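Reader: I have a structure here that I have not looked at before. Can you take me through it?

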Amino acid sequence: KITDLSKVHKIEIQNKSNKLTLVKKNLNWEISSPIEWSVDDYSMSYFRTTFTHLKFSEMFSLEDITKRGEIIADYGINESSSKIVLESTDQKTTILVGKITRDEKSRYCAVNFSNNEHSKIWRVSEEIIKLTNNTFLEWADTTLIRCGLYQIDNISATFKSNNNSTTTTTLVKQKNQWLFEEPFKSKANNNQVQFLINNLLSEEILDFYHENDNNISFNQDENPWIMNFAINKSGIKHEFKFSDSFNENLKPFRLCKTSYSSHILKIKDSFFTNFYNWSTKLRERNIFQINEKVISKIKITNKNNSFQIIKSVDGKWVIKDQFNNDTPGDIENINALIQKLNTIEIKEFLSFNPTQLELKSMSDIDNNYLIQIINDDTEVKTLVINKNILNASLWKTFILEASLLCLVDEDLNEVLDLMVYQLRNRQILQNCKIKDVTIFDLESNNTMVSLK
């Protein structure tokens, strides 16, 4: 049966402008010509489904045509006809596609079997012409990055400057949390990183670059790649190199070389914007991510007082003032404080590893505040916060452990100007088993109420 592709291991498809060869390797189809490349699964599935449902009806032989005074060209079949060649282990079938039939529902096709020297004219479903019209790019898998979102555990981008110096930004995933590994160590925002990776994985190849392309002058030695991007997927490294921008018919694009093959690709110029400003765009903007289960202590210091909020062994809160006096803490007010701290976000990153000159503006001790969070595992986060006299909602903040200077645009007065009494437990009687209650009138010294 012509439409049975189960034993076919090679398919050639040719039209007036393109010739494509597909081969089956280890049960998977691949493009072998004009270049070796992965085939698009949808295109292959469409071809198989459509071809197996074509209707082939034998009409007559070439001898019959000759007897009627006709030639095969009368049926639109000649050397330039679109062609499909199917090769299996024991047979080669060639199908030449001719013109449409009078009822416009089918095509005249010349079909030749390798074990039969004589071709015959067949009537074949009109859909066969669609199978010969696809270009190489429509057959090729145009996915730029061949990874799944949750398979990636490391990404890095290295930019090369004009003086050949490089800057690299690397992020790694540890226990489902993305972290900056270089040029600094810090938490990244998981949502932002996943959004970035989604954008990267959705990118499609525009076209393939050919050395005879007259519109592009490119030499790998003379035009060095300006950016390298790498992805680690389960220990396997995928690498991508990108060129400077080119312009073709007012459509900017870049060239890309991947570790998948030696071929150079064309991609949209806009794809390159995904790699800008990772240090600020992907960084975690929530200053605090306090977990009530692991926090051990909160220390707040301002010009009026200094106190600590300490979680005791039994999980209760204790307030220790600057004179080392302990008072039970109010659970609701302390939880509200923690929730408030967890909402504080960085508005603008000012400097990573700031110099003494950059920190000089925070030398006014009267306008400085300190918040320190200590966890059970001794992890510490210390913030020095400087009040902006001109703008009450704008605070310059230095995160000591991350060596990060930033701006916070939020009213922090209610946190920073807290007094000890606001967090104390105001219950007069705590954990008491009351046996009786007596109310006295102090003026008359008489008992007014006595309950037992």
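Author: What follows goes through the core, the sheets, one helix and some side-chain contacts. Keep in mind that this is a predicted model.

Reader: Start with the core. Which residues touch the most other members of the largest nonpolar core?

Author: They are F47, F51, I155, F229, F242 and F275, in a core of 64 residues. Helix 5 (residues 190-201) supplies the largest share of that core, five residues.

Reader: And what does I155 touch?

Author: Leaving out residues up to four places away in sequence, I155 touches T169, T170, L171, W178, L196, I197, F229, A230, I231 and W278.

Reader: What about a second core, which residues does that include?

Author: I287, I295, I334 and I338 are among them; this separate core has 33 residues.

Reader: Now sheets. In what order do the nine strands of the open sheet run?

Author: The order is 13-12-11-10-15-16-17-18-14, with antiparallel pairing. At the edges are strand 13 (186-187) and strand 14 (207-208), each of which pairs on one side only.

Reader: How many bridges hold strand 16 and strand 17 as a pair?

Author: Seven, in the antiparallel sense, between residues 236-248 of strand 16 and residues 251-258 of strand 17. In that pair, F242 stands opposite C256 of strand 17. F242 also belongs to the group that touches the most other members of the largest core.

Reader: What does strand 19 pair with?

Author: Strand 24, over six bridges, and strand 20, over five. Both pairings are antiparallel. Strand 19 and strand 20 form a hairpin, with four residues between them. T301 stands opposite L370 in strand 24 and opposite S306 in strand 20.

Reader: On to helix 7. Why does its length agree with what you would expect?

Author: Helix 7 has twelve residues (331-342), which at 1.5 Å a residue should span 16 Å. The C-alpha atoms at its ends are 17 Å apart, so the two values agree.

Reader: Which of its residues are buried, and what do they pack against?

Author: I334, N335, L337, I338, K340 and L341 are buried. The buried residues pack against strand 19 (295-301), strand 20 (306-311), strand 21 (317-320), strand 24 (368-375) and helix 9 (413-416).

Reader: What caps the N-terminal end of helix 7?

Author: D330 does, with a side-chain oxygen 3.2 Å from the backbone nitrogen of E332.

Reader: Different topic: S43 in helix 1. Buried or exposed?

Author: S43 is at 8% relative accessibility, and the cut-off for buried is under 20%, so S43 counts as buried. A polar atom of the S43 side chain lies 2.8 Å from the backbone oxygen of E138. Beyond residues up to four places away in sequence, S43 touches E138 and W139.

Reader: How many salt bridges does a search of the whole structure find?

Author: Ten. One of them joins E126 and R107, with the closest N and O atoms 3.0 Å apart. This pair links distant parts of the chain, 19 residues apart: E126 is in the loop between strand 9 (120-125) and helix 3 (128-133), and R107 is in strand 8 (residues 106-113). E126 and R107 are both buried.

Reader: What about K25, which residue does it form a salt bridge with?

Author: With E30, where the closest N and O atoms are 4.0 Å apart. K25 is partly exposed, at 39% relative accessible area, and E30 counts as partly exposed at 31%.

Reader: Which residues are linked in a network?

Author: D244, R254 and D269 are linked through salt bridges.

How values were computed
Residues are numbered from 1 along each chain as its sequence is written. This is a predicted model: local features need pLDDT of at least 70, side-chain atom pairs count only at pLDDT 80 or more; totals for chains, interfaces and linings use all residues. Side-chain values use heavy atoms; hydrogens and water are left out. A nonpolar core is a set of buried Ala, Val, Leu, Ile, Met, Phe, Trp, Tyr and Cys residues joined through side-chain atoms within 4.5 Å. Buried means under 20% relative accessible area, exposed over 50%, partly exposed in between (1.4 Å probe, protein chains only). Helices (H or I, at least four residues) and strands (E, at least two) are DSSP runs, numbered from the N terminus. Contact means heavy atoms within 4.5 Å. The expected span of a helix is 1.5 Å times one less than its number of residues. A polar contact is a pair of N or O atoms within 3.5 Å; within protein, one must be able to donate a hydrogen and the other to accept it, and residues adjacent in sequence count only if both atoms are side-chain atoms. Two strands pair if DSSP finds at least two bridges between them. A salt bridge is a side-chain nitrogen of Lys or Arg within 4 Å of a carboxyl oxygen of Asp or Glu.
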